[in-house]
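Look through the structure below, then read on. The text starts with a group of aromatic rings and moves outward to the chain as a whole.

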Amino acid sequence: MRRFIYYFGWTMGIGMIMYVGATYQFQLKQEYMKNYNARSFVLFSTIFPIGIGMLLKLPNLLIEMKENKQWTFDWATFIGIGLPSLAVCSMGVLLFTPVGESMFPFVPEIIYPGNSPIQTIAGVVFGFILLDSVKK
């Protein structure tokens, strides 16, 4: 019963954070549509899913932290899954940098406007893998 309450509490907390974040992201998108300044919207659309992915792994990480074992980092998982998902998730932000402006013809059109499902999924995966790679 205690374990159920622990996970249910985390689920409710993450759900509230997701709701507040989605509301804020909608406001940023409305502002972007008015002013044609997409930087804050794209930046938030990139960082928020990473935070959600980290929050999804955090309950188990806290349980693992209570054990007294040697800390390690799983480089194979991080490089094999984490870095490619980071590249996809940060593609929209890179377009606003001087290096990214030259990459514009090579970026798929579906990724450019920000808030695409591909970037969101990649951000959640990266956030989860980032904390999952920390092993005990």
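**Rings, helices and the chain**

In this predicted model, ring pairs join Phe-73, Trp-75, Phe-78 and Phe-126 into a cluster. The structure has ten aromatic pairs. In one of them, the rings of Phe-44 and Phe-48 have planes at 15° and centres 5.1 Å apart, so the pair is stacked. Phe-44 and Phe-48 sit four residues apart in helix 2, which is about one turn of the helix. Both residues are buried.

The pair within the cluster formed by Phe-78 and Phe-126 is tilted, because the ring planes stand at 50°, with the centres 6.2 Å apart. Phe-78 belongs to helix 3 (residues 75-89) and Phe-126 to helix 6, so this pair ties together parts that are 48 residues apart in sequence. Phe-78 has 13% relative accessibility and therefore counts as buried. Phe-126 counts as buried too, because its relative accessibility is 8%.

Helix 6 (residues 117-132) also packs against helix 2 (residues 39-65), at an angle of about 35° and with the axes 6 Å apart. Their crossing is right-handed. Among the residues in contact are Pro-49, Ile-50 and Leu-61 of helix 2, and Gly-123, Phe-126 and Leu-130 of helix 6. By class, this contact has twelve nonpolar, four polar and two charged residues.

Now take the whole protein chain. It contains six helices and two strands, in the order α-α-β-α-α-α-α-β from the N terminus. Of its 136 residues, 31% are buried. The accessible surface of the chain is about 9,000 Å², and carbon and sulfur atoms account for 70% of that.

Notes
Residues are numbered from 1 along each chain as its sequence is written. This is a predicted model: local features need pLDDT of at least 70, side-chain atom pairs count only at pLDDT 80 or more; totals for chains, interfaces and linings use all residues. Side-chain values use heavy atoms; hydrogens and water are left out. Axes are lines fitted to C-alpha atoms, for helices over the stretch in contact, and angles run from 0 to 180 degrees between N-to-C directions. A crossing is left-handed if the near helix is turned anticlockwise from the far one by less than a right angle, and right-handed if clockwise. Contact means heavy atoms within 4.5 Å. Ala, Val, Leu, Ile, Met, Phe, Trp, Tyr, Cys and Pro count as nonpolar, Asp, Glu, Lys and Arg as charged, and the others, Gly among them, as polar. Buried means under 20% relative accessible area, exposed over 50%, partly exposed in between (1.4 Å probe, protein chains only). Accessible areas come from the Shrake-Rupley method with a 1.4 Å probe; for residues, only the protein chains shown count as cover. Rings of Phe, Tyr and Trp (its six-membered ring) pair if their centres lie within 6.5 Å; planes under 30 degrees apart count as stacked, over 60 as edge-to-face and the rest as tilted.
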